Amino acid sequence: MRASRMLGIAIVLAGCDPTVWDGVRNDAPVLVIDGPGGGVAGDFGRVIVGFEGEVAGGGVSRYAVTGGVGSFGSSAFYVFGGYDGLPSDPTPRFENSLLFEGCDEGECAEGHGASLAAFPEWTLGDGRMLHACIAAPSLSTGSVQIRCEDLTLTQTIAGPSGEAFGTSAAGIPHAQHRVGAALFGAPDASSGEGAIYRLPIGGGAPVRIDLSGAMLPAGAHVGAQLAVAPLDGRAVMFAARADLEGDTDRVVIGTIDIDDAAVTTVTVRGCLEGPGGYGSALAIGDLDGDDVADVVIGTSIDATEQRIDVIEGAALPASTSCAADATQPTNVSSITCPDVATDDVACGDDERIGLGAALAIGDVDGDGTNDLIAGAPAASPEGRAGGGAVFVLAGQAGALGMLGIRSVALYHSSQTQGMQLGTAVAAVRGADRSEVVAGAPGERQIVVFLCSGLGDDVPMDGRDRGCL
(Lines give C-alpha, C1' and ligand atoms only; values in the text may rest on other atoms or scores of the structure.)
Protein backbone atom coordinates (compact mmCIF):
# COMPACT_ATOMS: atom_id res chain seq x y z
CA MET A 1 0.00 0.00 0.00
CA ARG A 2 2.12 2.88 -1.31
CA ALA A 3 1.63 6.55 -0.56
CA SER A 4 0.44 7.15 -4.12
CA ARG A 5 -2.61 5.03 -3.33
CA MET A 6 -3.45 6.87 -0.13
CA LEU A 7 -5.60 9.94 0.46
CA GLY A 8 -5.42 11.56 3.89
CA ILE A 9 -8.80 12.76 5.16
CA ALA A 10 -8.73 14.89 8.30
CA ILE A 11 -11.68 14.67 10.70
CA VAL A 12 -11.67 17.18 13.56
CA LEU A 13 -12.28 15.58 16.94
CA ALA A 14 -14.97 17.96 18.13
CA GLY A 15 -17.40 17.75 15.24
CA CYS A 16 -17.20 14.75 12.95
CA ASP A 17 -19.75 14.43 10.14
CA PRO A 18 -20.75 10.74 10.02
CA THR A 19 -21.32 10.92 6.26
CA VAL A 20 -17.60 11.43 5.76
CA TRP A 21 -17.13 7.71 6.35
CA ASP A 22 -18.59 6.87 2.94
CA GLY A 23 -15.84 8.81 1.25
CA VAL A 24 -13.17 7.22 3.37
CA ARG A 25 -14.51 3.73 2.78
CA ASN A 26 -14.80 4.12 -0.98
CA ASP A 27 -11.79 6.21 -1.80
CA ALA A 28 -9.04 5.85 0.76
CA PRO A 29 -7.33 3.39 3.06
CA VAL A 30 -6.17 6.17 5.38
CA LEU A 31 -8.07 8.17 7.99
CA VAL A 32 -6.37 11.12 9.70
CA ILE A 33 -7.87 12.48 12.94
CA ASP A 34 -6.72 15.80 14.35
CA GLY A 35 -6.26 16.27 18.07
CA PRO A 36 -8.42 18.71 20.02
CA GLY A 37 -7.41 22.30 20.55
CA GLY A 38 -5.89 23.60 23.77
CA GLY A 39 -3.16 22.20 25.97
CA VAL A 40 -5.18 19.40 27.55
CA ALA A 41 -4.25 16.99 24.75
CA GLY A 42 -0.51 17.56 25.07
CA ASP A 43 1.36 16.04 22.15
CA PHE A 44 -1.72 14.17 20.96
CA GLY A 45 -0.76 10.77 19.53
CA ARG A 46 2.22 10.05 21.76
CA VAL A 47 0.49 7.12 23.54
CA ILE A 48 -2.00 4.73 21.88
CA VAL A 49 -3.49 1.42 23.03
CA GLY A 50 -5.90 -0.81 21.13
CA PHE A 51 -8.27 -3.05 23.05
CA GLU A 52 -11.41 -5.19 22.95
CA GLY A 53 -14.40 -5.62 25.24
CA GLU A 54 -18.09 -6.38 25.38
CA VAL A 55 -20.58 -3.50 25.41
CA ALA A 56 -24.36 -3.97 25.44
CA GLY A 57 -23.90 -7.68 24.94
CA GLY A 58 -21.75 -7.42 21.82
CA GLY A 59 -18.02 -7.48 21.14
CA VAL A 60 -16.29 -4.18 20.34
CA SER A 61 -12.81 -2.94 19.53
CA ARG A 62 -11.54 0.49 20.56
CA TYR A 63 -8.37 2.57 20.75
CA ALA A 64 -7.38 5.15 23.33
CA VAL A 65 -4.99 8.07 22.86
CA THR A 66 -3.15 10.54 25.07
CA GLY A 67 -0.60 13.25 24.43
CA GLY A 68 1.88 11.94 26.95
CA VAL A 69 3.45 14.26 29.49
CA GLY A 70 5.81 16.96 28.35
CA SER A 71 5.82 20.71 27.83
CA PHE A 72 2.00 20.66 27.89
CA GLY A 73 1.92 19.03 31.33
CA SER A 74 -0.90 16.58 31.94
CA SER A 75 -2.96 15.09 29.12
CA ALA A 76 -6.51 13.86 28.91
CA PHE A 77 -7.14 10.48 27.32
CA TYR A 78 -9.56 9.99 24.45
CA VAL A 79 -11.33 6.79 23.38
CA PHE A 80 -12.32 6.13 19.77
CA GLY A 81 -14.48 3.48 18.13
CA GLY A 82 -13.01 0.71 16.03
CA TYR A 83 -15.68 -1.91 15.36
CA ASP A 84 -18.96 -2.93 16.97
CA GLY A 85 -20.59 -6.34 16.64
CA LEU A 86 -17.45 -8.47 16.79
CA PRO A 87 -16.93 -11.14 15.72
CA SER A 88 -19.98 -12.07 13.65
CA ASP A 89 -21.40 -8.68 12.58
CA PRO A 90 -18.49 -6.20 12.40
CA THR A 91 -19.66 -2.62 11.95
CA PRO A 92 -17.01 0.12 11.64
CA ARG A 93 -17.24 2.93 14.18
CA PHE A 94 -14.38 5.07 12.90
CA GLU A 95 -16.90 7.54 11.49
CA ASN A 96 -18.20 8.30 14.99
CA SER A 97 -14.79 9.60 16.01
CA LEU A 98 -14.55 10.36 19.73
CA LEU A 99 -16.59 8.04 22.00
CA PHE A 100 -15.61 9.64 25.28
CA GLU A 101 -12.95 11.74 26.98
CA GLY A 102 -11.27 10.37 30.08
CA CYS A 103 -10.89 13.67 31.91
CA ASP A 104 -11.22 17.31 31.05
CA GLU A 105 -8.74 20.06 31.74
CA GLY A 106 -9.96 20.52 35.30
CA GLU A 107 -9.96 16.80 36.16
CA CYS A 108 -6.60 15.61 34.83
CA ALA A 109 -4.23 14.89 37.70
CA GLU A 110 -0.66 16.14 37.51
CA GLY A 111 1.43 13.86 35.33
CA HIS A 112 -1.71 12.27 33.90
CA GLY A 113 -1.39 10.75 30.42
CA ALA A 114 2.13 9.31 30.49
CA SER A 115 0.68 5.83 29.94
CA LEU A 116 -2.59 3.95 29.48
CA ALA A 117 -3.79 0.45 30.30
CA ALA A 118 -6.89 -1.13 28.76
CA PHE A 119 -8.81 -4.17 29.96
CA PRO A 120 -12.17 -5.78 29.16
CA GLU A 121 -13.93 -5.69 32.57
CA TRP A 122 -13.88 -3.86 35.87
CA THR A 123 -15.89 -4.53 39.04
CA LEU A 124 -17.14 -1.70 41.25
CA GLY A 125 -17.40 -2.02 45.02
CA ASP A 126 -21.16 -2.53 44.79
CA GLY A 127 -20.70 -5.50 42.47
CA ARG A 128 -21.58 -3.79 39.21
CA MET A 129 -19.61 -5.04 36.20
CA LEU A 130 -18.28 -2.46 33.76
CA HIS A 131 -16.85 -3.12 30.31
CA ALA A 132 -14.25 -1.80 27.84
CA CYS A 133 -12.20 0.08 30.42
CA ILE A 134 -9.19 2.39 30.45
CA ALA A 135 -6.89 3.14 33.39
CA ALA A 136 -4.75 6.27 33.33
CA PRO A 137 -2.25 6.86 36.15
CA SER A 138 -0.83 10.10 37.51
CA LEU A 139 2.94 10.27 37.85
CA SER A 140 2.88 12.73 40.73
CA THR A 141 0.10 11.38 42.94
CA GLY A 142 0.34 7.69 42.09
CA SER A 143 -3.43 7.54 41.68
CA VAL A 144 -5.18 5.76 38.80
CA GLN A 145 -8.27 7.10 37.06
CA ILE A 146 -10.52 4.41 35.59
CA ARG A 147 -13.29 5.01 33.07
CA CYS A 148 -15.36 2.37 31.27
CA GLU A 149 -17.50 2.78 28.19
CA ASP A 150 -20.81 1.71 29.73
CA LEU A 151 -20.70 4.13 32.67
CA THR A 152 -19.74 7.82 32.76
CA LEU A 153 -18.38 7.46 36.30
CA THR A 154 -14.62 8.04 36.69
CA GLN A 155 -13.23 6.02 39.59
CA THR A 156 -9.95 7.00 41.26
CA ILE A 157 -7.74 4.38 42.93
CA ALA A 158 -5.04 5.55 45.33
CA GLY A 159 -1.53 4.32 44.58
CA PRO A 160 2.06 5.01 45.66
CA SER A 161 3.32 8.58 45.32
CA GLY A 162 6.92 9.63 44.84
CA GLU A 163 7.76 6.56 42.75
CA ALA A 164 6.86 7.77 39.23
CA PHE A 165 4.10 5.18 39.39
CA GLY A 166 2.48 4.91 35.97
CA THR A 167 5.49 5.79 33.86
CA SER A 168 4.48 2.64 32.00
CA ALA A 169 1.28 0.60 31.97
CA ALA A 170 0.01 -2.58 30.33
CA GLY A 171 -3.54 -3.88 30.49
CA ILE A 172 -4.31 -7.59 30.84
CA PRO A 173 -6.70 -8.52 27.99
CA HIS A 174 -8.54 -11.22 29.92
CA ALA A 175 -11.80 -10.70 31.80
CA GLN A 176 -11.55 -11.08 35.58
CA HIS A 177 -7.95 -12.29 35.50
CA ARG A 178 -6.53 -13.37 38.86
CA VAL A 179 -3.45 -11.18 38.48
CA GLY A 180 -5.72 -8.18 37.98
CA ALA A 181 -6.64 -5.61 35.37
CA ALA A 182 -3.21 -4.18 34.58
CA LEU A 183 0.45 -3.81 35.49
CA PHE A 184 2.10 -0.45 36.20
CA GLY A 185 5.76 0.48 36.30
CA ALA A 186 7.19 2.68 39.06
CA PRO A 187 10.84 3.23 38.08
CA ASP A 188 11.63 5.59 41.00
CA ALA A 189 10.52 3.17 43.73
CA SER A 190 13.03 2.03 46.38
CA SER A 191 15.41 4.92 45.75
CA GLY A 192 15.56 4.20 42.05
CA GLU A 193 15.63 0.42 41.99
CA GLY A 194 12.13 0.55 40.55
CA ALA A 195 9.08 -1.67 40.91
CA ILE A 196 6.13 -3.23 39.14
CA TYR A 197 2.62 -3.17 40.57
CA ARG A 198 -0.50 -5.12 39.65
CA LEU A 199 -3.95 -3.55 39.90
CA PRO A 200 -6.48 -5.99 41.42
CA ILE A 201 -9.91 -6.05 39.85
CA GLY A 202 -12.47 -4.48 42.15
CA GLY A 203 -10.73 -1.35 43.35
CA GLY A 204 -8.08 -2.57 45.77
CA ALA A 205 -4.79 -0.71 46.12
CA PRO A 206 -2.02 -1.62 43.66
CA VAL A 207 0.04 -4.62 44.84
CA ARG A 208 3.82 -4.61 44.44
CA ILE A 209 5.34 -7.60 42.63
CA ASP A 210 8.33 -9.38 44.20
CA LEU A 211 11.19 -8.99 41.70
CA SER A 212 13.98 -10.20 43.99
CA GLY A 213 14.75 -12.96 41.50
CA ALA A 214 15.76 -10.34 38.96
CA MET A 215 18.70 -9.30 41.18
CA LEU A 216 18.28 -5.66 40.19
CA PRO A 217 21.13 -3.28 41.05
CA ALA A 218 20.55 0.04 42.75
CA GLY A 219 19.38 2.64 40.27
CA ALA A 220 18.01 0.06 37.81
CA HIS A 221 14.70 1.93 37.46
CA VAL A 222 12.87 -1.24 36.46
CA GLY A 223 9.40 -0.54 35.11
CA ALA A 224 10.42 2.22 32.73
CA GLN A 225 8.56 0.19 30.06
CA LEU A 226 6.16 -2.75 30.31
CA ALA A 227 4.32 -5.35 28.26
CA VAL A 228 2.04 -8.17 29.44
CA ALA A 229 0.00 -11.04 27.99
CA PRO A 230 -2.20 -13.64 29.72
CA LEU A 231 -1.03 -17.26 29.57
CA ASP A 232 -4.30 -18.55 31.06
CA GLY A 233 -6.81 -17.37 33.66
CA ARG A 234 -4.29 -17.39 36.54
CA ALA A 235 -0.90 -16.50 34.99
CA VAL A 236 0.58 -13.77 32.81
CA MET A 237 3.89 -13.23 31.06
CA PHE A 238 5.48 -9.80 31.43
CA ALA A 239 8.50 -7.94 30.13
CA ALA A 240 9.96 -4.90 31.89
CA ARG A 241 12.79 -2.55 31.02
CA ALA A 242 15.51 -1.60 33.50
CA ASP A 243 18.19 1.07 32.98
CA LEU A 244 21.64 -0.14 33.96
CA GLU A 245 24.74 1.97 34.46
CA GLY A 246 26.67 3.01 31.39
CA ASP A 247 25.38 2.29 27.89
CA THR A 248 23.57 -0.96 28.74
CA ASP A 249 19.90 -1.56 29.46
CA ARG A 250 18.13 -4.75 30.53
CA VAL A 251 14.80 -6.40 29.78
CA VAL A 252 13.48 -8.76 32.45
CA ILE A 253 11.01 -11.40 31.22
CA GLY A 254 8.94 -13.22 33.80
CA THR A 255 5.65 -14.78 34.77
CA ILE A 256 3.20 -14.00 37.56
CA ASP A 257 0.99 -16.86 38.72
CA ILE A 258 -1.74 -16.76 41.39
CA ASP A 259 -2.94 -20.22 42.41
CA ASP A 260 -6.25 -21.39 43.88
CA ALA A 261 -5.01 -20.55 47.38
CA ALA A 262 -4.25 -16.96 46.27
CA VAL A 263 -0.48 -17.56 46.54
CA THR A 264 1.47 -15.38 44.11
CA THR A 265 4.58 -16.78 42.43
CA VAL A 266 6.87 -14.60 40.33
CA THR A 267 9.35 -16.46 38.12
CA VAL A 268 12.14 -14.83 36.11
CA ARG A 269 12.28 -16.38 32.62
CA GLY A 270 14.96 -14.24 31.05
CA CYS A 271 17.32 -11.28 31.52
CA LEU A 272 18.43 -9.77 28.23
CA GLU A 273 20.81 -6.85 27.86
CA GLY A 274 21.41 -4.49 24.99
CA PRO A 275 22.67 -1.02 24.09
CA GLY A 276 21.35 2.19 25.62
CA GLY A 277 17.64 2.50 24.84
CA TYR A 278 17.16 -1.27 24.66
CA GLY A 279 13.63 -2.20 25.73
CA SER A 280 12.17 1.26 25.17
CA ALA A 281 9.40 -0.56 23.31
CA LEU A 282 8.08 -4.01 24.25
CA ALA A 283 5.35 -6.29 22.93
CA ILE A 284 4.19 -9.80 23.81
CA GLY A 285 2.06 -12.03 21.59
CA ASP A 286 2.03 -15.19 19.51
CA LEU A 287 3.79 -14.44 16.21
CA ASP A 288 4.16 -17.95 14.80
CA GLY A 289 0.84 -19.63 15.54
CA ASP A 290 2.08 -22.04 18.21
CA ASP A 291 -0.28 -20.61 20.87
CA VAL A 292 2.67 -19.48 23.00
CA ALA A 293 3.35 -15.78 23.53
CA ASP A 294 6.62 -14.47 22.07
CA VAL A 295 8.49 -11.38 23.25
CA VAL A 296 9.57 -8.51 21.01
CA ILE A 297 12.08 -5.89 22.16
CA GLY A 298 12.68 -2.55 20.44
CA THR A 299 15.09 0.31 20.98
CA SER A 300 14.54 4.04 21.50
CA ILE A 301 14.36 6.59 18.71
CA ASP A 302 17.79 7.98 19.66
CA ALA A 303 19.56 4.67 20.32
CA THR A 304 22.92 4.38 18.59
CA GLU A 305 22.20 0.73 17.75
CA GLN A 306 18.63 0.30 16.57
CA ARG A 307 17.14 -3.16 16.19
CA ILE A 308 14.14 -5.34 17.00
CA ASP A 309 14.90 -8.56 18.87
CA VAL A 310 12.45 -11.47 18.71
CA ILE A 311 12.43 -13.99 21.58
CA GLU A 312 10.60 -17.30 21.22
CA GLY A 313 8.20 -17.82 24.10
CA ALA A 314 8.27 -21.61 23.77
CA ALA A 315 12.06 -21.59 24.26
CA LEU A 316 12.18 -19.48 27.43
CA PRO A 317 13.85 -21.20 30.40
CA ALA A 318 11.38 -22.55 32.95
CA SER A 319 13.24 -20.48 35.53
CA THR A 320 16.40 -18.41 35.61
CA SER A 321 17.87 -15.33 37.26
CA CYS A 322 19.83 -12.30 36.19
CA ALA A 323 23.10 -13.75 37.46
CA ALA A 324 26.01 -13.52 35.03
CA ASP A 325 26.26 -17.32 34.70
CA ALA A 326 22.51 -18.00 34.43
CA THR A 327 21.00 -19.54 31.31
CA GLN A 328 19.29 -16.91 29.18
CA PRO A 329 17.05 -17.10 26.09
CA THR A 330 18.55 -16.28 22.73
CA ASN A 331 17.18 -14.15 19.93
CA VAL A 332 15.39 -15.96 17.15
CA SER A 333 16.19 -12.97 14.99
CA SER A 334 17.34 -9.37 15.19
CA ILE A 335 15.70 -7.11 12.62
CA THR A 336 17.39 -3.88 11.53
CA CYS A 337 16.42 -1.16 9.11
CA PRO A 338 18.09 -2.67 6.01
CA ASP A 339 15.98 -5.80 6.53
CA VAL A 340 12.72 -3.93 5.89
CA ALA A 341 13.60 -0.64 4.16
CA THR A 342 11.94 0.26 0.87
CA ASP A 343 12.78 2.67 -1.92
CA ASP A 344 10.41 5.22 -0.37
CA VAL A 345 11.39 4.63 3.27
CA ALA A 346 15.13 4.09 3.18
CA CYS A 347 17.94 4.05 5.71
CA GLY A 348 21.37 5.32 4.81
CA ASP A 349 24.63 4.23 6.39
CA ASP A 350 24.43 6.93 9.06
CA GLU A 351 20.66 7.38 9.19
CA ARG A 352 18.69 6.03 12.16
CA ILE A 353 14.93 5.94 11.54
CA GLY A 354 13.87 4.81 15.01
CA LEU A 355 12.75 1.38 13.81
CA GLY A 356 11.12 -0.39 16.75
CA ALA A 357 10.63 2.73 18.88
CA ALA A 358 6.99 1.58 19.18
CA LEU A 359 5.61 -1.97 18.84
CA ALA A 360 2.24 -3.70 18.62
CA ILE A 361 0.96 -7.13 17.57
CA GLY A 362 -2.14 -7.97 15.53
CA ASP A 363 -3.26 -10.01 12.53
CA VAL A 364 -3.02 -7.31 9.86
CA ASP A 365 -3.28 -9.53 6.79
CA GLY A 366 -6.02 -11.80 8.13
CA ASP A 367 -4.18 -15.07 7.56
CA GLY A 368 -4.67 -16.29 11.14
CA THR A 369 -1.09 -15.56 12.27
CA ASN A 370 -0.28 -12.35 14.10
CA ASP A 371 1.98 -9.75 12.52
CA LEU A 372 4.35 -7.23 14.10
CA ILE A 373 3.67 -3.50 13.80
CA ALA A 374 6.77 -1.35 14.33
CA GLY A 375 6.95 2.43 14.40
CA ALA A 376 9.82 4.32 12.79
CA PRO A 377 9.12 7.94 13.80
CA ALA A 378 12.43 9.33 12.49
CA ALA A 379 11.98 7.89 9.00
CA SER A 380 11.80 10.25 6.02
CA PRO A 381 9.31 8.76 3.55
CA GLU A 382 9.85 10.16 0.06
CA GLY A 383 12.36 12.61 1.53
CA ARG A 384 10.06 14.18 4.16
CA ALA A 385 12.57 14.48 7.01
CA GLY A 386 11.17 13.06 10.24
CA GLY A 387 7.77 12.41 8.69
CA GLY A 388 7.87 8.92 10.16
CA ALA A 389 6.52 5.59 8.97
CA VAL A 390 5.07 2.34 10.23
CA PHE A 391 6.41 -1.05 9.20
CA VAL A 392 4.23 -4.15 9.23
CA LEU A 393 6.22 -7.40 9.41
CA ALA A 394 4.26 -10.50 8.45
CA GLY A 395 4.20 -13.34 10.97
CA GLN A 396 4.89 -16.82 9.64
CA ALA A 397 3.06 -19.87 10.99
CA GLY A 398 5.58 -22.31 12.44
CA ALA A 399 8.56 -20.12 11.51
CA LEU A 400 9.23 -17.33 13.99
CA GLY A 401 12.68 -16.77 12.50
CA MET A 402 11.00 -15.79 9.22
CA LEU A 403 9.14 -12.87 10.81
CA GLY A 404 9.31 -9.95 8.43
CA ILE A 405 10.34 -11.91 5.34
CA ARG A 406 7.31 -10.12 3.91
CA SER A 407 6.87 -6.53 5.08
CA VAL A 408 5.57 -3.14 4.03
CA ALA A 409 6.17 0.47 5.02
CA LEU A 410 3.01 2.53 5.64
CA TYR A 411 2.76 6.31 5.40
CA HIS A 412 0.47 8.71 3.56
CA SER A 413 0.73 11.28 0.84
CA SER A 414 -0.12 14.37 2.92
CA GLN A 415 2.53 13.83 5.59
CA THR A 416 4.71 16.75 6.65
CA GLN A 417 8.29 16.93 7.83
CA GLY A 418 8.68 16.34 11.56
CA MET A 419 5.28 14.64 11.83
CA GLN A 420 6.87 11.66 13.67
CA LEU A 421 4.33 9.12 12.45
CA GLY A 422 4.88 5.86 14.33
CA THR A 423 5.81 7.37 17.69
CA ALA A 424 3.05 5.12 19.02
CA VAL A 425 1.32 2.21 17.27
CA ALA A 426 -1.61 -0.06 18.02
CA ALA A 427 -3.63 -2.86 16.43
CA VAL A 428 -7.42 -2.43 16.41
CA ARG A 429 -9.33 -5.64 15.79
CA GLY A 430 -11.78 -5.84 12.91
CA ALA A 431 -13.80 -8.71 11.44
CA ASP A 432 -10.98 -11.05 10.52
CA ARG A 433 -7.94 -8.82 10.76
CA SER A 434 -6.56 -5.76 12.51
CA GLU A 435 -6.35 -2.14 11.44
CA VAL A 436 -3.11 -0.25 12.10
CA VAL A 437 -3.33 2.94 14.16
CA ALA A 438 -0.30 5.23 14.53
CA GLY A 439 0.39 8.44 16.43
CA ALA A 440 1.97 11.50 14.85
CA PRO A 441 2.59 13.90 17.76
CA GLY A 442 4.56 16.28 15.56
CA GLU A 443 1.23 17.24 13.96
CA ARG A 444 -0.90 16.21 16.95
CA GLN A 445 -2.71 13.61 14.85
CA ILE A 446 -3.51 9.93 14.74
CA VAL A 447 -3.58 8.00 11.48
CA VAL A 448 -5.65 4.86 10.85
CA PHE A 449 -4.48 2.60 8.04
CA LEU A 450 -7.60 0.68 7.02
CA CYS A 451 -6.07 -2.70 6.23
CA SER A 452 -9.40 -4.50 6.13
CA GLY A 453 -10.07 -4.01 2.43
CA LEU A 454 -13.17 -1.90 3.11
CA GLY A 455 -14.71 -0.48 -0.04
CA ASP A 456 -12.14 0.11 -2.77
CA ASP A 457 -9.06 -0.24 -0.59
CA VAL A 458 -6.45 -1.31 -3.16
CA PRO A 459 -4.29 -4.16 -1.87
CA MET A 460 -0.52 -3.91 -1.97
CA ASP A 461 1.10 -5.43 -5.06
CA GLY A 462 -2.13 -6.98 -6.31
CA ARG A 463 -2.73 -9.21 -3.29
CA ASP A 464 -6.25 -9.67 -1.98
CA ARG A 465 -5.45 -8.25 1.45
CA GLY A 466 -4.82 -4.65 2.45
CA CYS A 467 -1.57 -3.35 3.98
CA LEU A 468 0.27 -6.66 3.71
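Here is a short chat about the predicted model shown above.

Q: What kind of model is this, and how are residues numbered?
A: It's a predicted model, where local features need pLDDT of at least 70, side-chain atom pairs count only at pLDDT 80 or more, and totals for chains, interfaces and linings use all residues. Residues are numbered from 1 along each chain as its sequence is written, and side-chain values use heavy atoms, with hydrogens and water left out.

Q: Cool. How many helices and strands are in the protein chain?
A: The protein chain has three helices and 30 strands. Those are DSSP runs numbered from the N terminus: helices are H or I with at least four residues, strands are E with at least two.

Q: And how much of the chain is buried?
A: Of its 468 residues, 59% count as buried. Buried means under 20% relative accessible area, exposed means over 50%, and partly exposed is in between (1.4 Å probe, protein chains only).

Q: What about contacts between residues at least 6 apart in sequence?
A: In the protein chain, 54% of those join residues at least 24 apart. A contact here is heavy atoms within 4.5 Å.

Q: Let's pick one residue. Where is Ser-434?
A: Ser-434 sits in strand β29, which covers residues 434-440.

Q: Is Ser-434 buried or exposed?
A: Ser-434 is buried, because its relative accessible area is 4%.

Q: Which residues does Ser-434 touch, not counting those up to four places away in sequence?
A: Ser-434 touches Gly-362, Asp-363, Val-364, Ala-427, Val-428, Arg-429 and Cys-451. Take Val-364: Ser-434 and Val-364 are 70 residues apart in sequence, yet 4.7 Å apart in space, C-alpha to C-alpha.

Q: New topic: sheets. What's the order in the open sheet of four strands?
A: The order is β20-β21-β22-β23, with antiparallel pairing. Two strands pair if DSSP finds at least two bridges between them.

Q: Which ones are the edge strands?
A: β20 (278-285) and β23 (331-335) are the edge strands, and each pairs on one side only.

Q: How many bridges are there between β21 and β22?
A: Strand β21 (residues 294-299) and strand β22 (residues 308-311) pair over three bridges, in the antiparallel sense. Val-295 stands opposite Ile-311 in β22.

Q: Now charges. How many salt bridges does a search of the whole structure find?
A: That search finds 15 salt bridges. A salt bridge is a side-chain nitrogen of Lys or Arg within 4 Å of a carboxyl oxygen of Asp or Glu.

Q: Why can side chains of opposite charge pair?
A: They can pair when their charged atoms come close.

Q: Which acids does Arg-241 form salt bridges with?
A: Arg-241 bridges to Asp-243, with the closest N and O atoms 2.9 Å apart. Arg-241 also meets Asp-249 in a salt bridge, at 2.9 Å, N to O.

Q: Are those three buried or exposed?
A: Arg-241 is buried at 14% relative accessibility, and Asp-249 is buried at 5%. Asp-243 is partly exposed, with a relative accessible area of 24%.

Q: What about Arg-128 and Asp-126?
A: Their side chains meet in a salt bridge (2.8 Å, N to O). Arg-128 is partly exposed at 42% relative accessibility, whereas Asp-126 is exposed, with a relative accessible area of 54%.

Q: Which residues are linked in a network of salt bridges?
A: Arg-62, Asp-84, Arg-93 and Glu-149 are linked that way.
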